[in-house]
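User: I've got this model open and want to check the reasoning behind some of the labels. Can you take me through them?

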Amino acid sequence: MKEMIKNTTKHLLILSFSAFIFTFIVMNLFYENVKAQAQTPAAPQSFTAVADTFSQSVCLTWQYDTSANPYADGFIIYKSTAKNGEYSFVDEVYSNYTGYYTLYDENIQIGVTYYYKICAYVEDDESYQYIMSSEIISDVVQIPLTAPVLQSVTAAQSHSVIIKWDSVSYADGYYIYRSTSAGSGYTLVYTYHSLPDTSYLNSWYFDNSLSYTDKGLTVGETYYYKVCPFVNYNNQTFSGPFSNIRYDIVKINCTTIKKASSNKKRTNTIKWKKVSEADGYIVYFAKKSDGKYKKLKKLKGNKKLTYTHKKLKNGVAYYYKVYAYKNINGKALKSIEPETYQKYCDYYTYADESYESRHQRIFRNKKITKYKSNKQATKNMKTITIKVWDINSRGKKYTRKFYLTVHKNIAPSMKQMFKEIYKSKEKFPIHDIGCFSWRGDSSTSEHCIGVALDINSNENYMIQDGTILAGSFWKPKKNKYSIPLKCELVSILEKYGFSRGFWGSRKDYMHFSYFGT
């Protein structure tokens, strides 16, 4: 009996212990389950992502309910370039129990679109694992590329158009779109890949503009263009805003003026190259290179390639443009803008004539600067007849003739110059005048090439440091043959490019020369 009671008691103890163990396990599992559910935090609220262009960053803000239980231990932020794309870690922010949070992400690229995702978390006290809330995804955010400025669309040679625009910082390239209508129908015609960025350089010194030539277009058609920048990031391309729209009509090639000359006084004759597809040419001129151009003549057909501009003023520069044109729908469509051609009316010599022009006029060869012999020089001379005024023994002025040997290429200028001197009110008297005089093959005198004048040599001496080298005196107030510093004679000589022989301390009052030596 005792043994039965003992065994029964033993069995009861075993059953009680088993029940205790079972109860402990069940309660512990229940407790763990309750504990895990209690630790799942609420999701953040009012999550926003705003681009800050000034700081080139994205400002992230959110709120969290301070009464939430459990209150989040922190927040983890991720980002992606696509809403359903692969997100990467941005930062972890710990709780501050104020309920308001701000984070700046500065690791972004201009022009790329971003989405941000945030989760609240609590850390398990035993496993040290994060228990995450549900995810909140922001709206798309971007610091956009600057819209490029399309500077110009200009018709160019070979039925093409040149598009020119300002570069945009951070852009890796540009899409160029074209249409035959301003408002619609644009198609991508070219993808322009940028060279290394130079936008940081001073725009007043460096030209940061870019250009593209669109070729093979139709003459008479108007094309519209706009440009869109883009950036490359993680094997993706992100486009920026479009530029303004510009346009131009495609034109035929321009012609080039190949030669101009003043074969007759007060004229310029210009000749230009033929443009095979032209139906004619239009000649314009102006008195300033950037002045207003006036139409001189419209020439029909493609055979006449020359025009003579008349009634000009000697020594004045004229500027010419010759447009080719093609008849499109009954109207003359002018060619692309031709180059400006400057031509002095230079049948006669003139005051502001360049040294190069003077040299070309006399020698016709850049390599020649003087003649080697009297024989060679004489071949280039010509004797002209001029009329001048002189004073007779009774003190009255009368006409006399001189036969003056001068360089043949300035003979017309000499004739005109002395014609004006003779007709002037001053009627300056000349009793002695000379021009060509061979003075040896080693001489550099302009008399050797027939472009220097000595007038009234005795009364207009050459002097240096008080020593008279030629002539006798110079007394313009007392002697009528002495040439004053200022008078009509001097003005007319200077008008035709002949300057007086003043060289520092040496003064040659009789001497007037074309090259100034």
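Analyst: Sure. Keep in mind that this is a predicted model. In β19, Trp 272 is the bridge partner of Ile 257.

User: What makes β18 and β19 a pair?

Analyst: Two strands pair if there are at least two bridges between them. β18 and β19 (residues 268-272) are joined by 4 bridges, and they run antiparallel, so they count as paired under that cut-off.

User: Which sheet do they belong to, and why are β18 and β22 called edge strands?

Analyst: It's an open sheet of 3 strands, in the order β18-β19-β22, with antiparallel pairing. β18 (257-261) and β22 (306-309) each pair on one side only, and they are the edge strands. From one strand to the next, the twist averages 20 degrees.

User: Why is Ile 362 called buried?

Analyst: Buried means under 20% relative accessible area, and Ile 362 has 2%, so it counts as buried. Ile 362 sits in helix α2 (residues 355-363). Beyond its neighbours within four places in sequence, its contacts include Tyr 371, His 407, Val 451 and Phe 515. Asn 409 is another contact; the C-alpha atoms of Ile 362 and Asn 409 are 5.9 Å apart, though 47 residues separate them along the chain.

User: How do you know that the buried residues of α5 line one face?

Analyst: In α5 (residues 488-495), Leu 489, Val 490, Ile 492 and Leu 493 are buried. Looking down the axis of α5, the buried residues fall within an arc of 165 degrees, so they line one face of the helix. Their cover includes α4 (411-423), β29 (452-455), β32 (499-503) and β33 (506-513).

Terms used:
Residues are numbered from 1 along each chain as its sequence is written. This is a predicted model: local features need pLDDT of at least 70, side-chain atom pairs count only at pLDDT 80 or more; totals for chains, interfaces and linings use all residues. Side-chain values use heavy atoms; hydrogens and water are left out. Helices (H or I, at least four residues) and strands (E, at least two) are DSSP runs, numbered from the N terminus. Buried means under 20% relative accessible area, exposed over 50%, partly exposed in between (1.4 Å probe, protein chains only). Contact means heavy atoms within 4.5 Å. Axes are lines fitted to C-alpha atoms, for helices over the stretch in contact, and angles run from 0 to 180 degrees between N-to-C directions. The arc is that of the directions from the helix axis to the C-beta atoms.
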